[in-house]
Amino acid sequence: MKQTLFTQCGIFDFSKAKKTYEISCALLMLFLFALPSYAQSGKMDLRGADLNGNNKIDDDELLIISNYWGEQRDISGSTITIDLPNLADGAKPLEMVRIPAGTFIMGSPSSERSRGFYEGPQHEVTISKAFYLGKYEVTQAQWEAVVGNNPSLFSGHPNHPVEQVSWNDCQTFIAGLNELGQGTFRLPTEAEWEYACRAGTTTRYSFGDAMECDDVGRYCEIMDQYMWWLGNSTHQGNVSSTKEVGLKLPNPWGLFDMHGNIYEWCQDWYGEYSSSAQTDPAGPSSGSYRVYRGGGWSIFAQNCRSADRNWITPNFTDTYLGFRVFFSQTN
């Protein structure tokens, strides 16, 4: 990391450095040498920068600090909150998590257990710009604050995901958000959704392959830590319904319920995959069916995998179908 920063000052020539930081040489010297010892002397409170809790500022943590003070703040996992007028007291706010730009392999390999043929061929996808994605699925309270009604069968639970909303219905909610003038909201594309769901992983789920679990509805401990599905929706007295968002562990990028709880609409029309590498794919220009992803509270475990795909007409509604929103800032 220090070598990469030295490159910006011209002290060394590291031609293979992947990233440079716009920091003055004087400030760079402060970060590399003065700041860690000063912080550790107790004269400066940098507990918020001690991300791994080892009571010192390591190189990786120093990099984050230098990003901040160098005003290059493209750090995955940072969160912003969208102010929703009329949001009920006690309701979860609409929080958006920053997802970094990057490249991943979309789809599943032919060897993946419980794979559907429509998950292939695998292909390289580049997401060229960072974006924000809902930390949680859109909740009943958030829907009511924007649209003014609650279509959910499991109503009366403000922090449960809104359900029984069609793809067309989602556009009404999104139009209301766009009227706030804070940026552009829409549904994520299928590629953006899978990229965010995987969060840098290549396993069946973002928490691993879970090969010790069955792929239908038997309870399994590792799955229970991360998702709501058929195997735990009624386990140990749980009510068979959607569950409050954010109760399970998040994926590596801080997104909750990407596996299970409720299926999530995507922006795309459904289409077969191409084996060619793509940048920011948005699906076919027209079609009959819209894509939805992620699995749900009453759904088999295999349908909660990162690569699993589903599609249906855009006017369809059900108790297992909701959404989360994509956001890009105007400024």
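This is a short chat about salt bridges, a helix, a cavity, a pocket and a surface patch in a predicted model.

Q: What kind of model is this, and how are residues numbered?
A: The model is predicted, so local features need pLDDT of at least 70 and side-chain atom pairs count only at pLDDT 80 or more, while totals for chains, interfaces and linings use all residues. Residues are numbered from 1 along each chain as its sequence is written, and side-chain values use heavy atoms, with hydrogens and water left out.

Q: OK, how many salt bridges are there?
A: A search of the whole structure finds 14. A salt bridge here is a side-chain nitrogen of Lys or Arg within 4 Å of a carboxyl oxygen of Asp or Glu.

Q: Which residue does R305 pair with?
A: R305 meets E119 in a salt bridge, at 2.5 Å from N to O. R305 is in the loop between strand 9 (290-293) and strand 10 (310-312), and E119 is in the loop between strand 3 (102-106) and strand 4, so the pair ties together parts 186 residues apart in sequence. Helices (H or I, at least four residues) and strands (E, at least two) are DSSP runs, numbered from the N terminus.

Q: Is R305 buried or exposed?
A: R305 is buried, at 0% relative accessible area, and E119 is buried, also with 0%. Buried means under 20% relative accessible area, exposed over 50%, and partly exposed in between, using a 1.4 Å probe and protein chains only.

Q: Switching to helix 6: how many of its residues are buried?
A: Nine of its nine residues are buried. Among them are E190, W193, E194 and R198.

Q: What does E190 bind to in a salt bridge?
A: E190 pairs with R309, with the closest N and O atoms 2.7 Å apart. That links helix 6 to the loop between strand 9 and strand 10, 119 residues away. E190 has a relative accessible area of 3%, and R309 counts as buried at 2%.

Q: And E194, which residue does its side chain meet?
A: The side chain of E194 meets R293 in a salt bridge, 2.7 Å from N to O. E194 is in helix 6 and R293 in strand 9, 99 residues apart. E194 is buried at 0%, and R293 is buried at 0%.

Q: Which residues are linked in a salt-bridge network?
A: E190, E194, R198, R293 and R309 are linked in one.

Q: What comes just after helix 6?
A: A199, which takes a positive phi of about 50°.

Q: New topic: what is the volume of the largest cavity?
A: About 40 Å³. The search finds one cavity of 30 Å³ or more. On a 1 Å grid over the protein atoms alone, a cavity is a set of points where a 1.4 Å probe fits but cannot get out, and a pocket is an open set with protein on both sides within 12 Å along at least five of seven lines; lining residues have an atom within 4 Å of a point.

Q: Which residues line that largest cavity?
A: The lining includes S206, F207, Y226 and H259.

Q: How much space is in the second largest pocket?
A: About 200 Å³. It has 18 lining residues, and the closest to its centre are E272, Y273, Q278, P281 and G283. Strand 4 (123-127), helix 6 (190-198) and strand 7 each supply at least two lining residues.

Q: Last one: where is L230?
A: L230 is in the loop between helix 7 (221-226) and strand 7 (263-269). At 34% relative accessibility, L230 counts as partly exposed.

How values were computed
Points joined across faces, edges and corners; volume = space filled by probe spheres on them.
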